[in-house]
Amino acid sequence: MTGFVSFVSSGPGDPELLTVKAVKRLETADAILFDDLSSGPILDHANPEADLIGVGKRAGRPSPKQNHVSRLLVDYAQTGARVVRLKSGDAGIFGRLEEEITALREAGIEFEIIPGVTAASAAAAAANIPLTRRMTARRLQYITGHSVTGALPEQLNMAALADPEATTVVYMGKRTFAELAEKLLAHGLSPETPTLLASGVSTPEQTLRRETLGALPELLRKLETTAPVLILYGPLAEDS
C-alpha cells in the first residue's frame, strides 16, 4: 500500500496567504512534515488527528539531515498515508525540494507540488512597490546569499547581479551581503542604488527598512533578529 505526498507551499508566514488548495491538503493530511517557518498559526489548519513532525532547518541551529527528512517522507507514504510536506515560502525556491522529489521517485511514490507566495512577492507587497518597473526594471532575478557551507556562493554572475536595470532579490543573505555588496560596487553598481531590507515578512515581527547599497552592510551588521531576512536592490519604486 502506497500513499501520496503533497508538497505544500506555506508562503512567508501569514496563514491568510495560503492557497485554498494548500488548506484543503492540510485539513485532510494523515501526517505533516513541516519547516520551522511553516509552524505556528499555519498549523491551525491541520487535521487534528494528523501526525505533526518538525523537520525545519535554520542557520546556526541543530537541524535534521536532509537524507533523514527524505526517509521520513518515504516511510510515511509507504504506510498508505496522505502526507503533506509543508515548506516555507514557495516550495520550489531555494529549498530542498529536488532531493525530496528524487527520494519519492526512487521509491515509486506519487506526489504533487502546490505553489505558494514567495517572500520576495510578499516583501514587495508589504512595501507597496512592484518588483518590476516599466522602462527601468524589466528583469527580476532571485539568488541565494549562502552556499551549503554558509559562505557566499562562488561563481556568481556578477555582470548580471550588478545590472542597474534589474531588480535583484537576495534570500538568506544577512551574513554574506557585505561581501556581495563589495563585489557589486567593484563591478560598477552605484553605492546609491536603492535597497530594501525585509525581515519577518508577513508576520507580526515584520520590519521593512530602506537604505542605499553603500550603507546597507553597516545596517545588517547591527541588525539583531532571528527572523528570516530578505534583501532587495535595484531601481525600486518609492512606497506610497
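This briefing covers the salt bridges, one buried loop residue and a five-stranded sheet. The structure is a predicted model. A search of the whole structure finds ten salt bridges, and three of these pairs are described below, including R82 with D30, D35 with R85 and R71 with D75. The sheet is open, and its five strands are paired in a mixed fashion.

**Salt bridge R82–D30**
- The side chains of R82 and D30 form a salt bridge, with an N to O distance of 3.2 Å.
- R82 belongs to strand β4 (residues 82-87), while D30 sits in the loop between α1 (20-28) and β2 (31-34), so the pair ties together parts that are 52 residues apart in sequence.
- R82 is partly exposed, at a relative accessible area of 46%.
- D30 is also partly exposed, and its relative accessible area is 29%.

**Salt bridge D35–R85 and its network**
- The side chains of D35 and R85 meet in a salt bridge at 2.9 Å, N to O.
- D35 is placed in the loop between β2 and β3 (51-54) and R85 in strand β4, so this salt bridge ties together parts that are 50 residues apart in sequence.
- D35 counts as buried because its relative accessibility is 14%, under the 20% limit.
- R85 is buried as well, with a relative accessible area of 2%.

**Salt bridge R71–D75**
- R71 and D75 are joined through their side chains by a salt bridge of 3.0 Å, N to O.
- Both residues lie in helix α2 (residues 66-77); because they are four residues apart there, about one helical turn separates them.
- R71 is partly exposed, with 43% relative accessible area.
- D75 is partly exposed too, with 34% relative accessible area.
- Elsewhere, D35, R85, K87 and E100 are joined into one network by salt bridges that share partners.

**Loop residue T118**
- T118 is located in the loop between β5 (110-114) and α4 (119-126).
- The residue T118 is buried, at a relative accessible area of 7%.
- Leaving aside residues up to four places away in sequence, T118 touches D90, I93, Y142 and Y171.

**Five-stranded sheet**
- The strand order in the open sheet is β6-β7-β10-β8-β9, and the pairing is mixed.
- Strands β6 (139-144) and β9 (207-212) are the edges, each pairing on one side only.
- From one strand to the next, the twist averages 20°.
- Within the sheet, β8 (residues 194-199) and β10 (residues 229-233) pair in the antiparallel sense, over five bridges.
- L197 stands opposite I231, the latter in β10.

**Helices packed on the sheet**
- Helix α4 packs on the sheet and touches β6, β7 (166-171), β8, β9 and β10.
- The direction of α4 makes about 70° with that of β10.
- Helix α6 (residues 177-186) packs on the sheet too, where it touches β6, β7 and β10.
- The direction of α6 makes about 10° with that of β10.

Terms used:
Residues numbered from 1 in each chain as written. Predicted model: local features only at pLDDT ≥ 70, side-chain atom pairs only at ≥ 80, totals over all residues. Heavy atoms only, no water. Salt bridge = Lys/Arg side-chain N within 4 Å of Asp/Glu carboxyl O. Helix = DSSP H or I, 4+ residues; strand = E, 2+ residues; numbered from the N terminus. Buried < 20%, exposed > 50% of the residue type's maximum accessible area, 1.4 Å probe, protein only. Contact = heavy atoms within 4.5 Å. Pairing = 2+ DSSP bridges. Axes fitted to C-alpha atoms, helices over the stretch in contact; angles between N-to-C directions.
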